Amino acid sequence: MQHLLERIKAGTLWDFHGGIHPPENKHQSSLTPVVDAGLPPQLIIPVRQHAGPAGELLVRVGDKVKKGQPLTRFDKGRIVPVHASTSGTITAIDQHTVAHPSGLDDLCILLTPDGDDAWGERTPQPDYWNLERGALLERIQQAGIAGLGGAVFPTHSKLDGRGQLTEILIVNGLECEPYITTDDRLMQEYADEIMDGIRVLKHLLKPKLTLIGVEDNKQAAIEALTRHASDADVLVKSVPTKYPSGGAKQTIELLTGRQVPKGGRAVDMGIMVLNVATVFAIKRAIIDGEPLIERIVTLTGDAFKKPGNAWVRLGTPVRWLLQRFELQPEADQRVIMGGPMMGFTLPHAMVPVVKATNCLLSPTRAELPPPGPEQACIRCSACADACPATLLPQELYWYSRVKEYDKAEKLNLFDCIECGACAWVCPSEIPLVQYYKIAKDDIREARAEAEKAERAKQRFEAKQARFEREKAAREARHAEPAAQRRQAMTTAGGEDPVAAENGR
């Protein structure tokens, strides 16, 4: 590790297999400062906005709440709360369409703002170095922080790391997907607070070196971070622009030359990777005492009259944002949550912004034509050449399509990061990632059913064993008095009727 640290400090950079260079389309939104989106007339706050189970409700319809007040409970494991994005009244708790490719409903809290935007109780901790590790992790959990790079894995759980030591902390500011510029503007305008967040993490993790990775198409962000990176053990690293350099495994390989093993975890290698927006949220949570109730969202695409980036309250309806930023829709206008590579088209615009929402892309048909009809695979191998995870997308496609999932798993299906590079280069316009997603969902569902069946079997067997024990105990209780009666009769000179009958 010491040799690696010396090579990194000397300026060595590495590369990863594959990758592509799609049109960046970032200047539409990256050249103007972040604005405040404002307060919508109603907020729709899903109770689950992270990778894990939702917490129990803490509010009821009719309750008055303050800005930052927790609406659900945090608990052991991967449960993090959601909070009121402003002050107001809980007007409903019901099922509502949420930000998910399935377009399905989930439990949401409807909050009507009172216009005061009044904060509830906050507990800032500017002297965070006086807090123990457990207290810091609990504060991060209480603040509802989940990975803002897209995975929304609970940050406190990730930082806990099962006791593993962190040798290298990587702050991921690469933001490689076309159109999206949330992290770029964050780094340009809030570099000082990002550095404060890094110092909180240094106190928590005790890394030997901290690297801030930024693609070289973000020069203003690199300059801002470099000005504020005064700590000797914090380095700003500019890397060549290539998609998907922002994937955690690709970022690690770019900055350290190390590859995360198939099925392995970065933390087992002594490396921790956090998105730059997550680091900023940690700073706000610990030093300012503010939970995660808003985030920067890129609003971009040629259908927007005023593209740019905005601070948006979690729970803000997309429809209100589209009106606020003067969307000029075409017939059958698409609204994509996320970028063109990994995003998904919303079923309708009354979907709320959540923790994972980094972009609302509204392209014209001329700008981003819908994909053409799927054609037969011509076995050109372009997908394998582009795959950053060194998989075999063509074979994964065949096995996923015919539902031979055991063979797909043997080809490391779950190492696919769903970046879309394979589909982007496919001359047959096969939606490869869709096949992989369906296969993964089917496998997870089958595993869940198998686990459910196994638990039911264990419960049945435990019940049967309990019945047998109780039966044996009853028989034992009845047998003892009978034996005592026979013994008493024998002692009194009588004859045991059972023994006499058996002797005949």
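This passage walks through a helix, a sheet, a pocket, the cysteines and a few unusual backbone spots.

The structure is a predicted model, so local features need pLDDT of at least 70 and side-chain atom pairs count only at pLDDT 80 or more, while totals for chains, interfaces and linings use all residues. Residues are numbered from 1 along each chain as its sequence is written, and side-chain values use heavy atoms, with hydrogens and water left out.

Helices and strands here are DSSP runs numbered from the N terminus, with at least four residues (H or I) for a helix and at least two (E) for a strand. Helix H6 covers residues 191-205. The expected span of a helix is 1.5 Å times one less than its number of residues; for the 15 residues of H6 that gives 21 Å, and the end C-alpha atoms are indeed 21 Å apart. H6 is mostly covered, with 11 of its 15 residues buried, where buried means under 20% relative accessible area, exposed means over 50%, and partly exposed lies in between (1.4 Å probe, protein chains only). Among the buried ones are Ile 194, Met 195, Ile 198 and Leu 201, along with the charged-type names Glu 193 and Lys 202. Right after the helix comes Lys 206, with a positive phi near 55 degrees.

Turning to the strands, four of them make an open sheet in the order E2-E5-E4-E3, with antiparallel pairing. The edges are E2 (43-46) and E3 (64-65), each of which pairs on one side only. Pairing here requires that DSSP finds at least two bridges between two strands. E3 and E4 (residues 88-97) run antiparallel and are joined by two bridges, and Val 65 sits opposite Gly 88 in E4.

The second largest pocket holds about 1,000 Å³ of space. Its closest residues to the centre, out of 32 in the lining, are Pro 340, Met 341, Pro 371, Ala 423 and Gln 434. A pocket is an open set of points on a 1 Å grid over the protein atoms alone, where a 1.4 Å probe fits, with protein on both sides within 12 Å along at least five of seven lines; lining residues have an atom within 4 Å of a point. The volume is the space filled by probe spheres set on the points, which are joined across faces, edges and corners. Strand E13 (344-345), helix H14 (421-425) and helix H15 (432-491) each give two or more residues to this lining, and H15 gives the most, with three. By class, the lining has 20 nonpolar, seven polar and five charged residues; Ala, Val, Leu, Ile, Met, Phe, Trp, Tyr, Cys and Pro count as nonpolar, Asp, Glu, Lys and Arg as charged, and the others, Gly among them, as polar.

As for the cysteines, a disulfide is a pair of cysteine sulfur atoms within 2.5 Å, and the count comes to zero. The sulfur of Cys 176 is 8.5 Å from its closest cysteine sulfur, in Cys 419, so that pair is too far for a bond. Cys 380 misses out too, because its sulfur is 6.2 Å from the closest one, in Cys 383. Cys 176 is buried at 15% relative accessibility, whereas Cys 380 is partly exposed at 37%.

Finally, the backbone. Most residues other than glycine have a negative phi, and most peptide bonds are trans. Asn 25, not a glycine, has a positive phi of about 50 degrees.
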